Every structure is written in C-alpha cells, then in structure tokens.
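Open your viewer and get ready to click along. At each stop you will pick something to select, and then read what is there.

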Amino acid sequence: MFEQIEGSQAVAKAIALCRPEVICAYPITPQTHIVEGCAEMIRTGAIQNCEFINVESEFAALSVAIGSSAAGARTYTATASQGLLFMAEAVYNAAGLGLPIVMTIGNRAIGAPINIWNDHSDSMALRDAGWIQLHAETNQEAADLHIQAFKLAERLSAPVMVCMDGFILTHAYERVAIPDQAQVDAFLPPYQPRQILDPADPYTIGAMVGPEAFMEVRYLAHDKLLQALSVIPEIQQEFKEVFGRESGGLFHGYRVEDAETVVVTMGSLAGTVKDLVDEVRENGAKIGVITLCSYRPFPLDGLRHALQGAAKVIVLEKSLALGFGGVLAADVRTALHGRDTHIHTVIAGLGGRPITRKSLARMFARVERDDLKDPHFLDLDLDIVRREIDNQRSQITAGPIAENILREIGPCGPKAV
Amino acid sequence: MVSAAEMLSVAAFLEGYHAQAFPSFGSERMGAPVVAFCRLDDKEIRLREPVMTPDALIVQDPTLLHQVDLFNGLDTRGYLVVNTRRSYRDLGLGDYVKKFPPHHISTVAATEWALEYIGRPLPNVALLGAFAAMTRRVTLESVMAAVRQKFPGKLGDDNAAAAAKAYDSIRTN
C-alpha cells in the first residue's frame, strides 16, 4: 500500500516486516529516526519477538549485534559517519565471522571539521571490510533493499550494509509502497543460521588463524563477495516476482543503449542526473546514466559490458580519497582497463553541498568540449581555496583552515543554503 | 516548518499527486532559521536539488523578512503568504508585492489564530489553509485530513479548524 512517509520511517517499517529478533543501535544523525521508529514499534507490539537493546556506543551496538547474530538471531542495527568509524573493528569482525547482520548507513560526511550532512565518505571508509554494500536511489528502493538484504545476508552468510543518503533520503517524505506481511513472509523465510553459539553445545568461532591458513580464509571471504555478484541479481528477480517491482540488482541503466557519454553514479543523486539527461537529450546530446546499486561487490565485468558503447564516462561521486582523487572513479577505471574511453572524475556534494542541474549541465558541456581537468570538483570556490593556500604559506601562525574559511564566507554566505 | 512541508506533501498525496517534502537540513538547533521544501507533480519526482525557484513561498516568521534573502528565486507569477497581522506596506514590501497578481499575495494572522484555536503559537497549519485557498493546488479537505493524520484527536481537530479559518479568510477576501 502506498504511503506518503519519511524515508527513515519507511525503512523502519520494512525492517519490522522482516521479523528481526534483535535490534541494537546507538543514535547518530541522520540515521536516528530509523531506530527510533523500530524502538517505537517494539514498544507498541507492532514488532513481536524482538528485543531492542540500548547500548552505550556504536562499538557496543555492533558488538551486541555480532553476539546476537552468532547466537542465531536475525539482527539489525544502523549508524552513520563517526558512528561507523567508532565501530570499525567490529565491522571487520562481523564480516570475518560470516554473520548475516543487516546495517543501515545514513550516509554522512566524516569530520573534522564536524559536518552532519550527506556524502559517501563513511561507507567508503569501510568498503574493504568484507560487507556487501548496497546503495539506494530512492526511498522505495531503500525500503526494498532492506528486505532483500536479509535474504542476501542469510543466503551467503555475510553482513550487508544498506546505504541511503543522509537527509536527502532519510528525512525526505515521498510516496513509498509498504509491502504487506504475507508478501514479505513469502519472500523471506525464517533465518536458518549456518552456525549457532549454544551453551548446551559449545564451540569456538573467531579462532586465531596463523600464516599457514590466513590467506585461504581471506581468499574465501573474497570469493564469498564475488558469489554475491550472481546472488544479488537472483534476489532482485525473486523480489520482482513477489512484489512486482524492480529494486536492487548490481546497477541500473537509464538511456544508456545509444549513449556516447555515460554518467556513473551512486545513490539519490541519480534522480537529479536522470532529469538532466532528459533535458540535454532534447538538444541532441547522447547521454545516459548508470546508477550503481552494489558497490561491494563491485560489478567489474557487468560495468565493462554496460559501458562498451560509451566514448566518454563521467564518474560522479560524493567521495574523495585525500591525496589520490576519486574513489568510485578508480574502480570504474579498473573496470575499463585497456580501453581508450575518456574517463572523467567529478567529485561533488561533499558535506552536503547541493548538487544542482545547473552546475551539472555546465560540467557536461565542459566534458563535451574536452575542457575538464581531472579530477574536477563541482562548484568548488577556487578563489577562497587559493587565498587560504597563500595564507597558510605566508604565515606560520595562519590558524585553523576550517575556521579561516568560515570567517571568510560569513554566516549567510552563498553556499550556506 | 518541516511539519508544514510534510503535511502539504501528505495533502497532495491524498489527492493522487506525487509529492516530495524535505527540510533544508540546516543547523539542528531550536530557533535557527529553517527552510523546508515541497514539490508537487503528476509524475514521479526524481529531482533532489533544493527548490531554488519556488512557485510559492510561505513565510512563517516575518522577522526573517529583512535578515535573509527570502525572495531570491521567487517568480512574480508565483504566490506569497506571510504570517503577520500587518500589511505588506507596513512590512516595507508594498512596492515588491505590486509585481504579483493581487490574488497571488496574502497575509494571514496565523500565529493569532493558532493561539485562539490550538492554544500554542504554531502557525504552520493555518498557513497551509491559506496556501490551499490561494493556489487551489490542494483542497482544504485534504489539508485537514493530512493535519488529522499528523495529529490524531483534539490537537488535529483544533489545527484543522485553524486551517479552515485561514482558508475562509482568503476566500471571503
């Protein structure tokens, strides 16, 4: 049934339909509304047979999730930004132990300087931890991906992060079809753990593994994520059969078939890009967009195939590897290795900077003219940057950069939208 | 303000529109200036940029009128509702609003009506009533239904009454 609902509440309802048995989380913006919604449903009895565990930190949240998942309970948690970093050690452990925990990331920038707004720095920082990472384009897809995530996690015995853009999705009200319980029950069978910690029949998980076996164990973890490349589309298809909707999969293409230029992006930004693609196509430009849903595992072969007709590829990403450049762009370059495709890296929207059609259209035009330096930083104010570089060079006591920039922009600067 | 955008989106949804409401994600502290946006359309709304050229602007706090560039992007074919007892001339906006069609601008004493009907200075629902009356994009009935969905019971009824009061004040004007 369609509801006009906040993204976070839609996700909370989707989680409830998955019959979780343990939910533990520590509040952090912009994820908080999701676990508040879950907690409320446990209090009112809308979620049955589920324990909500209050914890003292994100590290504790995921540690409790590891314990409950190992004990055989379907387990859910959510976090963002510094919260994800604070639980980083447990993130690797959950994957290493093969525990099918589902965790929402309300994608948010990482400090310092402190910033509560959206970009993809947080989940990107943990991209190599052995979790499957799925990115939602809309709130409908965010809700649907959580239902798929439990099935995927439990089929592979691997944890899944469902990433959704903080505020842009978590706090947006839009139309979402909330499935009914019978549909979800038909799609998602009860959890049958591969391993259960049971005091009556004790055994050890998480043993020390030395040089004689560690390579093999790690290789198998890699192989498990590569298996997900075929399991993710299977589950996408199974989902479609039950719910009648296209959600999830490895990536979605939009007007890519005849496109000479293809934008590759992730998350909610795809909607804005699609609107712009329609606009510029009216002027004859052959452009399309590919939205990655599965970032880990990364669909190298699928993407290479999908981009075979593109002369130019624009990787539009909300992440920056400091001292290197684009994070997603590096993966796309690996996928297109050996081809003479022109690949442009465009870093946009860091710390919640609005990404507008106007700025994207200007950037597209520069790509058409082959007039874009790589990497390109969308809407970066170069004058301010240059002045601060000079300032830092010219005086040893130049002071903190973030505060200097804030002083220069002022409280109502043009970027303070 | 965020609730107003949410309720407007629900009212539009009840009439079969696609609607998208979202806050400006400003500083999360009470009292800070807040902007919230709402888009209505007949088809799926994919765009995620902030609304930069609104068709309608609802100003909940008139003390912001001369502090922030509120009217940036508002087309003079659009609609303007300000929560105030004063006239646009008294607010120093007499010349500015002359550019709009007369039935596209209004002032409503929404805070007073909120105090009268709800007992608290929460003007957003009354402003939605005024918006519905002026733009005719959503009906008063849908606004009242959205309000009652958000605030079940007496609070919803009181808010709906404030919306109806504002709606009638525009329609009989």
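How many disulfides are there over all chains? The count comes to zero. Keep in mind as you look around that this is a predicted model.

**Stop 1: two cysteines**

Select A:Cys50 and show its side chain. The closest cysteine sulfur belongs to A:Cys38, and the distance between the two sulfurs is 7.9 Å. A disulfide needs the sulfur atoms within 2.5 Å, so the pair is too far apart for a bond. A:Cys50 is buried, with a relative accessible area of 14%.

Now go to A:Cys293. Which cysteine has the sulfur closest to that of A:Cys293? This time A:Cys163 is the partner to check, and its sulfur is 9.7 Å away, again too far for a bond. A:Cys293 is buried too, at 1% relative accessibility.

**Stop 2: where chain B meets chain A**

Colour the two chains separately and turn to the place where they touch. Here 28 residues of chain A and 22 residues of chain B take part in the contact. The area buried between the chains is about 2,200 Å², and carbon and sulfur atoms give 55% of that area.

Next, look for charged partners. Side chains of opposite charge can pair when their charged atoms come close. How many salt bridges cross the interface of chain B and chain A? The rule finds four. To see a salt bridge between the chains, select B:Arg46 and A:Asp275, whose side chains meet with 2.8 Å from N to O. There are also 11 residue pairs in polar contact between chain B and chain A.

Stay on the chain B side and switch to a ribbon view. Helix H1 (2–14) and strand S1 (18–23) of chain B each supply at least two residues of the side that touches chain A. S1(B) gives the most, with six residues. Colour that side of chain B by residue type and you will find 10 nonpolar, six polar and six charged residues.

**Stop 3: a lysine inside chain A**

Select A:Lys318, in the loop between strand S13 (312–317) and helix H12 (327–335) of chain A. Is A:Lys318 buried or exposed? With a relative accessible area of 4%, A:Lys318 is buried.

Show what surrounds this lysine. Leaving out residues up to four places away in sequence, A:Lys318 touches several others, including A:His120, A:Asp165, A:Ser268 and A:Leu350. Another residue that A:Lys318 touches is A:Asn118, and here the two side chains make a polar contact of 2.8 Å. A:Ile355 is also touched by A:Lys318; try drawing a line between their C-alpha atoms, which are separated by 10.0 Å, although the residues are 37 apart along the chain.

**Stop 4: salt bridges within a chain**

Over all chains, the count comes to 35 salt bridges. Start with A:Arg296 and A:Asp128, where the closest N and O atoms are 3.6 Å apart. This pair links distant parts of the chain: A:Arg296 sits in strand S12 (residues 294–296), while A:Asp128 is in the loop between helix H6 (121–125) and strand S6 (132–135), 168 residues apart. A:Arg296 is buried, at 12% relative accessible area, whereas A:Asp128 is partly exposed, at 48%. Add A:Arg127 and A:Asp331 to your selection, and you have a network of salt bridges linking these residues with A:Asp128 and A:Arg296.

Move on to A:Glu137 and A:Lys274, a salt bridge with its closest N and O atoms 2.7 Å apart. A:Glu137 lies in the loop between S6 and helix H7 (139–156) of chain A and A:Lys274 in helix H10 (residues 269–281), so the pair ties together parts 137 residues apart in sequence. Both partners are buried: A:Glu137 has a relative accessible area of 8%, and A:Lys274 has 13%.

For a salt bridge within chain B, select B:Arg148 and B:Asp157, with 2.8 Å between the closest N and O atoms. B:Arg148 is partly exposed at 38% relative accessible area, and B:Asp157 is partly exposed at 38%.

**Last stop: a proline in a loop**

Finish at B:Pro102, in the loop between helix H2 (94–97) and strand S5 (105–108) of chain B. B:Pro102 counts as exposed, at 69% relative accessibility. From there, find B:Arg136: the two are 34 residues apart in sequence and 15 Å apart in space, C-alpha to C-alpha.

Conventions:
Residues numbered from 1 in each chain as written. Chains lettered and ligands numbered in written order. Predicted model: local features only at pLDDT ≥ 70, side-chain atom pairs only at ≥ 80, totals over all residues. Heavy atoms only, no water. Buried < 20%, exposed > 50% of the residue type's maximum accessible area, 1.4 Å probe, protein only. Contact = heavy atoms within 4.5 Å. Buried area = accessible area lost by both parts, 1.4 Å probe. Polar contact = N/O pair within 3.5 Å; in protein donor to acceptor, adjacent residues only side chain to side chain. Helix = DSSP H or I, 4+ residues; strand = E, 2+ residues; numbered from the N terminus. Nonpolar A, V, L, I, M, F, W, Y, C, P; charged D, E, K, R; others polar.
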